[in-house]
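Colleague: I have the sequence and the model open, and I would like to walk through a few local features with you. Could you start with one residue and work outwards?

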Amino acid sequence: MAFSLCASSEGLHSSTYANVPPVPKSFRKATKKDNVHVAPRRRMITCHLMPRHMEGSVVGGRKELEEPGKKLDFVRTLLIDNYDSYTYNIYQELSVVNGLPPVVIRNDDWTWRDIWRQLYKENAFDNIVISPGPGSPTCASDIGICLKLLLDCGDIPILGVCLGHQALGYVHGAQIIHASEPVHGRLSEIEHNGCRLFHEIPSGRNSGFKVVRYHSLVIDAESLPKEIIPIAWTSSTDTRSFMMKLPNGSSRPVNYSGDIEKNKVLMGIMHSTRPHYGVQFHPESIATCHGSQLFKNFRNITEDFWLRSRSSAIHASENSYVGFLVILSERKIFLACMQVPSTNLSFRVSRIPDLVKSKDNELLVKQASRCKKNVNHVGSAKKLRLRWKKCGHLVSEVGGAKNIFRQLFGDHGAENTFWLDSSSIEKLHNQEEPGQLFSKRGRFSFMGGPGGSLWKQLTYKLFDKRLSHEMELHARGLLSIENAHGSTETIYLQEGFLDHLNKELLLYRCEEKDFKGLPFDFYGGYVGYIGYNLKVECGMSSNRHKSNTPDACLFFADNFIVIDDWSGDIYILSVHEENTTITPWLENTEQKLLKLKVSTPSTLKEQTLQTSSSRTCKEGFTPEKSREQYKKDVEKCLQYIKDGESYELCLTNQLRRKVEKVDSLGLYLHLREKNPAPYAAWLKFSNESLCICCSSPERFLRLDRNGMLEAKPIKGTISRGKTREEDEELKSRLQYSEKDQAENLMIVDLLRNDLGRVCEPGSVHVPKLMDVESYATVHTMVSTIRGKKRSNLSAVDCVKAAFPGGSMTGAPKLRSMELLDSIENSARGIYSGCIGYFSYNQTFDLNIVIRTVVIHKEEASIGAGGAIVALSNPEDEYEEMILKTRAPSNAVMEFQ
C-alpha cells in the first residue's frame, strides 16, 4: 500500500507561513560569537552544510493528489533519540496526542538506507521528531543521522527539540555558539509570531506561556540564513525558578514582570518552504506550560500537509507500522518489543517475515518472538504457597521492632540476616480514620534470616573487562549461589545478573488467595542490594572502576516477619513449594513472640555505647578527595555543563575509616536511633565480611500489586536549624532556592522519562512536585512520580529502565555517567545503588543507597555527593557533600 508522492516542497500549505510578523530589531543583536569546544575523542564536522545547492535533491519527492483525504485517525511518528534522558517524556506526550505511540530509535541505530526504506518505500511514518541530547549538532557522534534527515527529507514534517532545533539551524548554515549563560531546569516566558506551531498558545510577558530550558548552546540569531525564519524568542534575558515566595508568605508558580531586555534568546525557528520546525525549550517538561498544545499543533500541521499529499485510501495498516519493529541490531530488539502499544496494533510475528530478506534478520524475528513472551518465561515453573499469621497490636508489648529483631535474629552476630526498616518516627493524623495515627513516610518493616528450605544467597561479581583472562570467559560476571544446606554453585553469566534475576522471578507461580487480606506487597522473594556498577546492564557501555564489594548480594527470604508501624500488628510469613513438607516455623515463631511479650519489659533500657581507647577509634573518616580536589572536580563538571555535555552531574566522594572488631548490629541500632529514615536497612552477608547500615530517606522505585510504579527522588538538601525560627527559615530557603528547584526539576523530568519507557501512555504523573521533608539532621526537597506499568513487562524490566536512580547520576543519564566515571577516582560500590526486595508475585520496593555505612573487611566507608548544575558554587558543593555524611559518620564515631 504505497503513498502518493508530490513533486516538490512548493505545494506546502501556504497558510503555514502566511502573515509572519517581522522579528524585533533587538532580537537581531546577537551576543558575542564563541566557538564550541567538544571532547577531542569525537569526530567533528568541520564545515557548515549549505543546503541551497541541494534544494530539489530531496529523496523520493511526493506527488500531490487532486482530492485531499479525510483527517488521520492517528499519526505515526518516528522519534529519534539523541541519547537523551527526556526522550520518553516526548514519547508519552506523542502517544496521547497522536493516538498511537511513536517508534523510538537511537540516532545511530539505522543507516540512511534503513530510514529511506521505512520513509519512502514502506511509508511507515507521517512525521519525525528529533529529541534533545547532550553535546552539539556540530559533532557527528552527538547528532548521528539527524543532519541527513533534515537535509534530505524536505517533504516530511519534522520537529526538532533543543539539540534537534539547533541541528535544524546548523544544517542550513546557522552558527552554534555558547549561550551567555547555561540555563538548565529554569523557566523563561516566550514570545512567538503566531505561526501554526503556536496556535492557541499565548505570547509575551505575563501571558502564562512559561517554558523550561535545558541548554548551554544556542543558534546565533545573526547567522540565520534566509530560508530559516525565527518564530519564538525569550521575553527577556531573565530566568526564574518554578516557585517564588510572595510578600505574604504564600507561594505560587513564578510569574514576573519588568523592563524588556534587548538581548533576547532565539527559542523557535521554521523553514520557509519545508514543514520543518525547531524549539530550543522543552515542551515535554513537567513545568512547561502549553507543551501538549504544541505537540497537538504539530500533529495538525502533519495532517494538513498529508491531506494535500495523499488520499485516505493509503491510511496506515498494521503491516506498514509493525515492519520497522524488526530493528537491524539484536541489542535493539527488546526495546522495540517494549514499544508495542497495548492497542489492536499488536506485535504479530507472522507478518514480519514478509519484510525480512536475510538469514540474520530471520534470526532477529525469532528473537523478537521470544521478546514478546518475556513475561511468560519458558522453563520449569515453581508453584509457591504462602502461610501466614497475624498477631494484632503486639509490637509495643514486645518492646518494638528493635527488640524483636535482636531477640529473634540477633544471635551469632545476626549473620546472614536482613531488616528493611521503616524507622522514620514522624506520625500524622489519619484523615480517613479520625483518631488514628500513621507514619507519613514508612509503614512496613521486613526482617528475616536463614533457616527455611528455600533460603539461598546470590552473590554476583562483574568481570573486569580490562583483564585478559576474564575477557576470555565471554561472560559478564560470576554468580555464586549458596543454598539452605550450605552447598555453593558457581555460574558464569553471559547475559548478566538482572536478566538472571528476571528469569528466576518469572519461574515462580503463586495463588492470590494465599495473600488475600495482607496490607503489604512483599510475600517472599529476594532481599538485598544492587550495586551502582550494574549500570552496565542498564545501558552503560562499561565501568571505569571495579568495585571491592560484590556488585549484587541478595537472599531468598522464605521465612520472615513483617511489622506494621501504623497499627502495631505483626505478621509471620512462611513460603514453601507446593507438595512439600510444611515446617513448624510459623507456629514456633509465634510462640517466641508471645514469650517476648511475657519476658520483656515495656520500656527497654537503651544500649550502652561501646568505648575504646585505641588510637584508631579516635581518628575520623578520611575523604578520598580533599576539599581542593573536590572543588576542582566541581569546576570540571561546570565546564562540561557549559559545553552542553550535560545538564546536571551528580558528583560523589568516598570517606573511609579503618575499624577494628565492631558490633555492627549495635552500630546500626545506634544509627537508626540518631537518624531514623523511612527506607533504612540492615544487611549482613557473613561470607563476604560485609555489613550495610543504611539510613536512606529516598525511595528509588516501587511497583505495587496494582501495577503502579512510584519514584521519590531527592534533590536539594539543607541543614536543620538550632532553633525553631532558624529551622523554618532554612526550610523556606530550600523551598524557594532557584538552584535547588532546578536540580529537582531536572531529576523529576528524568524520572518521568524512565517511567515513561515502561508505563502506559498518558499514565505518568507527578502528584507532588518539590515537597520539602524534614529529617533529624537535614531538610530535603522531594518529588513523587507515578505511572501505570505496561502489562507485558516484568518487575526487572522496570528496574532496568530506571537504574541507577537519576538522582545519583544527573541528566542526560548515559552521558553524565560516562563523564562521572572519568572524574571520580574509584567505584561507588554499594553506594548509589539500591536496597530492597523483589517479591515472587512481581512487586518490588527499592531505596537509593545514601546516608549509609558500608563495613567491609574492617573498613567503614560512606559515600556522599551532590548535583552540580550551572548555578553551583564549588565551595558550597563541598560543604553540602560533607553535610550529607554527618549522620552516618557521627554514628560510627559515637558508637565505637
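Modeller: Let me start with His-670, which is found in helix 16 (residues 664-674), where helices (H or I, at least four residues) and strands (E, at least two) are DSSP runs numbered from the N terminus. Please keep in mind that this is a predicted model, in which local features need pLDDT of at least 70, side-chain atom pairs count only at pLDDT 80 or more, and totals for chains, interfaces and linings use all residues. Residues are numbered from 1 along each chain as its sequence is written, and side-chain values use heavy atoms, with hydrogens and water left out.

Colleague: Is His-670 buried or exposed?

Modeller: His-670 is buried, with a relative accessible area of 4%; buried means under 20% relative accessible area, exposed over 50%, and partly exposed in between, with a 1.4 Å probe and protein chains only.

Colleague: And what does the side chain of His-670 make a polar contact with?

Modeller: The side chain of Glu-894, at 2.9 Å. A polar contact is a pair of N or O atoms within 3.5 Å; within protein, one must be able to donate a hydrogen and the other to accept it, and residues adjacent in sequence count only if both atoms are side-chain atoms.

Colleague: How many residues of helix 16 are buried?

Modeller: Nine of its eleven residues are buried, so helix 16 is mostly covered. Among the buried ones are Leu-667, Tyr-668 and Arg-672. The buried residues of helix 16 pack against several elements, including helix 10 (400-409), strand 28 (690-696) and helix 21 (874-895), with contact taken as heavy atoms within 4.5 Å.

Colleague: Switching to sheets, which strands does strand 12 join?

Modeller: Strand 12 (residues 382-391) is joined by two bridges to strand 20 (residues 508-509), and these run parallel, whereas eight bridges join strand 12 to strand 24 (residues 570-577), and those run antiparallel. Two strands pair if DSSP finds at least two bridges between them. As for individual partners, Lys-383 is bridged to Arg-509 in strand 20, and Trp-388 to Leu-573 in strand 24.

Colleague: How many disulfides does a search of the whole structure find?

Modeller: Zero, with a disulfide defined as a pair of cysteine sulfur atoms within 2.5 Å. Cys-693 is in no disulfide, and the nearest cysteine sulfur, that of Cys-691, is 4.1 Å away. Cys-693 is buried, with a relative accessible area of 0%.

Colleague: What about aromatic pairs, how many are there?

Modeller: The count comes to 32 aromatic pairs. Rings of Phe, Tyr and Trp (its six-membered ring) pair if their centres lie within 6.5 Å, and planes under 30 degrees apart count as stacked, over 60 as edge-to-face and the rest as tilted. One of the pairs is Tyr-214 with Tyr-647, which is stacked at 5.4 Å centre to centre with 25 degrees between the planes. Tyr-214 is in strand 6 (residues 210-219) and Tyr-647 in the loop between helix 15 (627-642) and strand 26 (648-658), so that the pair links distant parts of the chain, 433 residues apart. Both Tyr-214 and Tyr-647 are buried.

Colleague: Any charges over rings, and at what distance is Arg-828 from the ring centre of Tyr-532?

Modeller: Arg-828 lies over the face of Tyr-532, at 4.4 Å from the ring centre, and Lys-148 lies over the face of Trp-112, at 5.4 Å. A charge sits over a ring if NZ of Lys or CZ of Arg is within 6 Å of the ring centre and within 35 degrees of the ring normal.
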